Amino acid sequence: MHSKIQGRVVILVGENEVANAALVQQTAGTRTEGSTFVTLLTTRLPHADDWPGSHRYVTREEFDRAESAGSFALHYAHDGHAYGIRLYDLAAALNEGTVVLTLPHDQAATLRGMVDHAYVVPVAATPVSLNPDSPTAVDQLTAFLSRLSR
């Protein structure tokens with residue numbers, strides 16, 4: 001049996017991954033003490049609303065080489081594109097603090113089994129935080145992260 005990676009991960013899951021990513025991005029703007037974020041490698045093209053450091057864009061060949069080399073903590077396909085979190089990036093982020101990210105349900109379960117303290121947080125289909133006049137979801141996530149860092 002392999003030992004789990006030491007650290008703490010908060011994984012947002014829900015039907016609307018775009019909304020979940022927006023919630024992570026908005027929470028990143030608060031830079032809650034003790035929390036950090038991990039970069040996803042992906043074969044998709046950049047989107048206008050991607051935030052700096054959220055993705056590293058690679059060719060399919062580069063992604064396949066990293067996969068063959070065993071570089072990923074986890075990897076998955078979504079909408080015809082490959083996504084992955086490198087072991088090195090995950091370990092480096094965990095050394096900085098609690099990692100916050102969004103993943104599909106099945107990948108959240110995989111990561112939860114790999115890290116010794118993993119919290120899976122279900123998110124409503126459209127978090128109210130997407131309305132700038134109602135930052136409730138961001139406030140709630142920020143408060144949760146603050147409690148974890150104590």
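I'll start at a turn. Strands β5 and β6 form a hairpin with two residues between them, and D79 in that turn has a positive phi of about 50 degrees. This is a predicted model, so please hear every value as computed from predicted coordinates.

Staying with the hairpin, β5 and β6 run antiparallel and are joined by six bridges. One of the pairings there is A77 with A82 of β6. There is also an aromatic pair, between Y76 and Y83, and it is stacked: 5.5 Å centre to centre, with 15 degrees between the planes. Both Y76 and Y83 are buried. In total, the model has two aromatic pairs.

Now to the other partner of the β6 strand. Strand β3, residues 40–42, runs antiparallel to β6, and two bridges join them. L41 stands opposite G84 in β6, while T42 has Y83 as its bridge partner in that strand.

That brings us to the sheet. It is open, with four strands in the order β4-β3-β6-β5 and mixed pairing. Which strands stand at the edges? They are β4, residues 55–57, and β5; each has a single partner strand, so one side of each is left without a neighbour in the sheet. On average, neighbouring strands here are turned by 25 degrees against each other, direction ignored.

Helix α2, residues 60–68, lies across β3, β5 and β6, and runs at about 140 degrees to β5.

Next, the packing. The largest nonpolar core has 20 residues, and those touching the most other members are V9, I11, I85, V99, L101, L103 and L111. Two or more residues each come from β1 (5–13), β5 (72–78), β6 (81–86), α3 (87–96), β7 (98–102) and α4 (105–114). A second core, separate from that one, has six residues, among them L41, F63, A66 and A82. As background, nonpolar side chains in soluble globular proteins tend to be buried together.

One loop residue deserves a mention. V123 sits in the loop between β8 (115–122) and α5 (136–148). Is V123 buried or exposed? Its relative accessibility is 14%, and the cut-off for buried is under 20%, so V123 counts as buried. The C-alpha atoms of V123 and L12 are separated by 6.4 Å, although the two residues are 111 apart along the chain.

Stepping back to the whole chain: it has five helices and eight strands. In sequence order the pattern reads β-α-β-β-β-α-β-β-α-β-α-β-α. Of its 150 residues, 43% count as buried. Among contacts with a separation of 6 or more, 66% are between residues 24 or more positions apart.

Last, confidence. The chain averages a pLDDT of 77, and 66% of the residues score at least 70. Where is confidence lowest, and where is it highest? It is lowest in helix α1, residues 17–30, with a mean of 57, and highest in α2, at 97. Over residues 126–134 pLDDT stays under 50, and the model has 15 contacts for that stretch beyond four places in sequence. Where pLDDT is low, the predicted coordinates should not be read in detail.

Conventions:
Residues are numbered from 1 along each chain as its sequence is written. This is a predicted model: local features need pLDDT of at least 70, side-chain atom pairs count only at pLDDT 80 or more; totals for chains, interfaces and linings use all residues. Side-chain values use heavy atoms; hydrogens and water are left out. A nonpolar core is a set of buried Ala, Val, Leu, Ile, Met, Phe, Trp, Tyr and Cys residues joined through side-chain atoms within 4.5 Å. Buried means under 20% relative accessible area, exposed over 50%, partly exposed in between (1.4 Å probe, protein chains only). Rings of Phe, Tyr and Trp (its six-membered ring) pair if their centres lie within 6.5 Å; planes under 30 degrees apart count as stacked, over 60 as edge-to-face and the rest as tilted. Two strands pair if DSSP finds at least two bridges between them. Axes are lines fitted to C-alpha atoms, for helices over the stretch in contact, and angles run from 0 to 180 degrees between N-to-C directions. Contact means heavy atoms within 4.5 Å. pLDDT is the predictor's confidence in each residue, from 0 to 100.
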